[in-house]
Amino acid sequence: MPRSTQPTALVTAALMASAVPGLAAASAAPIFFGPSAYLSPADIPAGFYHGGSPTLLETFEDGSLDASLQGSGGSIISVSFAGIRDSVDSDDGTIDGTCGPQTAGRCASWFGNGVPGVGFSFVGSGALPTAFGLVWTDGFGTITFSAKGADGQSLGSFSFNGIPDGSAAATTAEDRFFGLQFAGGIQSIQISNSSGGIEVDHVQYGQMTAAVPEPQQWVLLLLGLALLAWRKLSPTPPRS
Ligand SMILES: [Ca+2]
Ligand SMILES: [Ca+2]
Ligand SMILES: [Ca+2]
């Protein structure tokens, strides 16, 4: 089975590469993460939760969607499609290239049609998540990931080619994390692919906690400290 190739972003790679850990909370613009390889929660991109852990990581292994999330365009498959359910590799307890054996209630995921795809909205109490992501585990063609903010406004939409390996047999090397950070709050995320079905797993969200100064702010801070030090060391002119 061919391994998945590097995705070809239809958008500027520089924007995706701007996912610098530690800078997101102070940034006004959404910062997108991925697509990045994901076999277990250890593959959550560094800095996505500012060093913390997700408030919710929905693996679907209990057969239900957490009450704080509303899913659209699909449903959980935990009993049917044994052998071809594309759960995250580690959900069977071992990273071994597959999730199995796929008995009832094991290696579950969320399945829908690739077009129009599936989505997840935050319907819990409290503030909207500021970090929201999922793991695409199966589908065909071009993958598109997008998100919406508190007012339903688009926070961005990005498409990628070259990720699916062409197999529906629960292969895991192709599985990819997609997510974003947005300090203004994320209402929902959506993902689709241009043909076939679609599966996702490890839908997750959390709150960014640390507001770290942006590089420009660090420069201003250092300049201010240098000015204070210079004034302190400068000889005071004699009074006349
Ligand atoms: Ca799972
Ligand atoms: Ca496994
Ligand atoms: Ca897969």
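Trp136 stands opposite Val200 in strand S11. The two residues belong to a pairing between S8 and S11 (residues 186-206), which runs antiparallel over 14 bridges. The model discussed here is predicted.

Strand S8 spans residues 131-149. This strand is mostly covered, with 15 of its 19 residues buried. S8 also pairs with S10, again in the antiparallel sense, over six bridges. Within S10, Phe178 is the bridge partner of Leu134. A further antiparallel pairing joins S8 to S9 and counts six bridges. Here Lys148 has Ser154 of S9 as its bridge partner. S8 and S9 form a hairpin with four residues between the strands. In this hairpin, Gly152 takes a positive phi near 80°.

Two calcium sites were examined next. The calcium ion listed as ligand 3 has protein donors in Asp86, Thr137, Thr171, Glu174 and Asp175. Asp86 and Asp175 each contribute through OD, and Glu174 through OE. Thr137 and Thr171 each contribute through O. The donors lie 2.1 to 3.1 Å from the ion. Along the sequence, the donor residues follow the spacing D-x50-T-x33-T-x2-E-D. The site thus draws on distant parts of the chain, as the pair Asp86 and Glu174 shows, with their positions 88 residues apart. Asp86 sits in the loop between strand S5 (74-77) and strand S6 (109-113). Glu174 sits in the loop between strand S9 (154-161) and strand S10 (176-181). Both Asp86 and Glu174 are buried. Thr137, another donor to this ion, falls within the residue range 131-149 of S8.

The calcium ion listed as ligand 2 is coordinated by Asp89, Asp92, Thr94, Asp96 and Thr98. Coordination distances are 2.2 to 2.6 Å. Asp89 provides both O and OD. Asp92 provides OD twice. Asp96 binds through OD, while Thr94 and Thr98 bind through O. The donor residues of this site are spaced D-x2-D-x1-T-x1-D-x1-T in sequence. Asp89 has a relative accessibility of 1%, so this residue counts as buried. Asp92 has a relative accessible area of 13% and is buried because the cut-off for that class is under 20%.

Methods. Residues numbered from 1 in each chain as written. Chains lettered and ligands numbered in written order. Predicted model: local features only at pLDDT ≥ 70, side-chain atom pairs only at ≥ 80, totals over all residues. Heavy atoms only, no water. Donors = N, O, S within 2.8 Å, 3.2 Å for Na, K, Ca; no water. Buried < 20%, exposed > 50% of the residue type's maximum accessible area, 1.4 Å probe, protein only. Pairing = 2+ DSSP bridges.
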